[in-house]
Amino acid sequence: MHSRRDFLKWGAAAGGGLLLPFDKLAAGAARVRPFQVPLAIPPVIKPVRKTKDGDFYVQTIREARAQVLPGPKTPIWGYNGMFPGPTFKVRAGRPVVVRRINKLKVPVSIHLHGAEVPAASDGQPDRLIEPGEAYDYYYPNPQDASTLWYHDHAHHKTSRNVYMGMAGFYYIEDDEQDELNLPRGKYDVPLVLLDRDFNKDGSLRFRDKVDQVLGDVLLVNGRPMPYFKVANRKYRFRVLNGSHTRGYRIALASGEPLIQIGSDQGLLNAPLPATSIPIWPSERAEIVIDFSKYQLGTEVVLHDAPNPNNPLEGEPIMRFDVVRDEPDTSSLPPVLREIERLVPDAATVRRDFTLSKDFDRNLWVINGKAFDIDRIDIKPRLGDTEIWTFINASDLPHPMHPHLVRFQVLERSAGQIGPGDVGWKDSVRVDPGARVRIIMKFEGFTGRYVFHCHNLAHEDHSMMGNMKVVRGDQPEQRRAAFEGGYVDPADRATGTFRCDIRT
Ligand code: C2O
Ligand code: CU
Ligand code: CU
């Protein structure tokens, strides 16, 4: 049994980013020195076809070798053979179909994290694309501008599959955001944080753990603690914690504040300065850094601060080298967008989820139950507002994530609603021994979705539930013309793969 004191101790450790006592990054940092390689930016994927209905993309999931470490190449499993996968840039309200062709030897399932999609395209753990098969995912994008991401979600194999490289960015963009004139184009930069272990030959060293999967080497966009040459102007960075278990508290090593402009589900109401920003697995933090205040030649380090009170010491994440003089026509307006607060009075359903470990079975459970793919745990109704309370009765933090719905954080039992909590969210950290209350309104689609802990070790072992969203007072979203996939007869005719469309 763990005492209340243990909870407090772990709470402090969890808040500090690195999950003590696993002081592994320090060892890794000695092996791979920081700031030796340039930042890589994943390419933007282009649609193979545009029609009046929307855009059509194709991705092949395959083995490849990627330059990750300075030494030998690393065998990965990647979307189009890339680690991380290419970035989608799609428009709000314009549907997209992505055909995924599985050329791996293992089944995969691809989930678009934070997206409102029909259940058949959500990447359910059991909706697998078998080796040699393909599947067309339909994404209607009925959402505000936001930084989403796509990653593997195969039943009990998510941890391994993501470790091997299956993750990428998916931006939804809209006119409202464009009009703000935030830094854009090459001044709008994705940064996915991933920690990994490597064997001496450069290959990834995955171990299927129940509690935590932590890596020695911290990667940004698939390169170890890189440097990035920047101009003396404003940049927007879209930071995603794509790590399995590790939380970060991103901060400038100088102690100067970061300006947060967005979280999981798009822009905040207003820019928010913060000395450090906690970002737990699957969360996003969008920040603006204005390099115009630095002399050319300045090196600005972004690091993982140990705790909110001490942003000065930390493990390096990456370094910005201010090397160029460039004009800046972008702006950072004082108001970014209206965010309507959901009011607790509107909630008609309240649910409690106790998060704990079943030590007898060595599994993580929700309300005492391990995930059963055939059991429906909750049935929210479309149009209903619900309040969920997560109660963490364990000694590790749990970043909890429901598919389909965005939510707002109402309350934390321990600590304040932090900068990472404001705005629309799709994942929320629940500290050891703490309670977190969130509020959401079910919209969009009916069908079976999952909710789970986004520590991928916990997700696989088996901290997940099924929710079946059923009809309610609100009508279901109308599906656009190419619902059910978009099969080009020419693709079928080539016979190079079997297109198995299951909707
Ligand atoms: Cu990124 Cu089921 O989640
Ligand atoms: Cu998700
Ligand atoms: Cu967990």
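The questions and answers below concern a predicted model of a protein with bound copper ions.

Reader: Which protein atoms are the donors of the copper ion (ligand 2), and how many Å from it do they lie?
Author: Two histidines serve this ion, and each of them contributes its NE2 atom. The donors are His-111 and His-401, and the distance at which they lie from the copper ion (ligand 2) is 1.9 Å.

Reader: In which strands do His-111 and His-401 lie, and how many residues apart in sequence are the parts that the pair ties together?
Author: His-111 belongs to strand β6, which covers residues 110-113, while His-401 belongs to strand β25, which covers residues 398-402. Because the two donors come from these two strands, the pair ties together parts of the chain whose separation in sequence is 290 residues.

Reader: Is His-111 buried or exposed, and what is its relative accessible area?
Author: A residue counts as buried when its relative accessible area is under 20%. His-401, the other donor of the copper ion (ligand 2), is buried with a value of 1%. His-111 is buried as well, and its relative accessible area is 1%.

Reader: Which residues coordinate the copper ion (ligand 3), and what spacing do the donors follow along the chain?
Author: The coordinating atoms are ND1 of His-398, SG of Cys-453 and ND1 of His-458, at distances of 2.0 to 2.1 Å. Of these residues, Cys-453 and His-458 are both buried. Read along the chain, the donors of the copper ion (ligand 3) follow the spacing H-x54-C-x4-H.

Reader: Which strands stand at the edges of the open sheet of seven strands?
Author: The order of the strands in this sheet is β12-β11-β10-β14-β19-β16-β17, and the pairing is mixed. A strand at an edge has a single partner strand, so one of its sides is left without a neighbour in the sheet. The strands that stand there are β12 (223-224) and β17 (266-274).

Reader: In what sense do strands β16 and β19 pair, and which residue of β19 is the bridge partner of Gly-262?
Author: Strands of a sheet pair through backbone hydrogen bonds, and they may do so in a parallel or an antiparallel manner. Strand β16 (residues 258-263) and strand β19 (residues 284-290) take the antiparallel sense, over three bridges. Within β19, the bridge partner of Gly-262 is Glu-286.

Reader: How many residues of strand β7 are buried?
Author: In a regular strand, side chains alternate between the two faces of the sheet, so each face can be considered in turn. On one side of β7, Glu-133, Tyr-135, Tyr-137 and Tyr-139 are buried, and on the other side Ala-134, Asp-136 and Tyr-138 are buried, which leaves both faces covered. The number of buried residues in β7 (residues 133-139) is therefore seven of seven.

Reader: Which residue of β7 is the bridge partner of Ile-101?
Author: Strand β5 (residues 96-102) runs antiparallel to β7, and six bridges join the two strands. For Ile-101, the bridge partner in β7 is Ala-134.

Reader: Which domains each give at least three residues to the lining of the second largest pocket?
Author: This pocket holds about 460 Å³ of space, and its lining consists of 29 residues, with Gln-143, Asp-144, Arg-337, Arg-406 and Trp-424 lying nearest the centre. By class, the lining has twelve nonpolar, six polar and eleven charged residues. The domains that each supply at least three of the lining residues are domain 2 (49-178) and domain 3 (344-483).

Reader: Where is the residue Ser-462, to which a cis peptide bond leads from His-461?
Author: Most peptide bonds are trans. The bond from His-461 to Ser-462 is cis, with omega near 0°, and the bond from Phe-83 to Pro-84 is also cis, with omega near -10°. Whereas Pro-84 lies in the loop between β3 (74-79) and β4 (85-91), Ser-462 is found in the loop between α5 (456-460) and β30 (464-469).

Reader: What is the phi of Asn-221, and where does this residue lie?
Author: Most residues other than glycine have a negative phi. Asn-221 has a positive value although it is not a glycine, with phi near 50°, and it is buried at a relative accessible area of 3%. Its place is the loop between β11 (217-220) and β12.

Notes. Residues numbered from 1 in each chain as written. Chains lettered and ligands numbered in written order. Predicted model: local features only at pLDDT ≥ 70, side-chain atom pairs only at ≥ 80, totals over all residues. Heavy atoms only, no water. Donors = N, O, S within 2.8 Å, 3.2 Å for Na, K, Ca; no water. Helix = DSSP H or I, 4+ residues; strand = E, 2+ residues; numbered from the N terminus. Buried < 20%, exposed > 50% of the residue type's maximum accessible area, 1.4 Å probe, protein only. Pairing = 2+ DSSP bridges. 1 Å grid on protein atoms, 1.4 Å probe; cavity = no way out; pocket = protein on both sides within 12 Å on 5 of 7 lines; lining within 4 Å. Points joined across faces, edges and corners; volume = space filled by probe spheres on them. Nonpolar A, V, L, I, M, F, W, Y, C, P; charged D, E, K, R; others polar. Domains from an automatic or database assignment.
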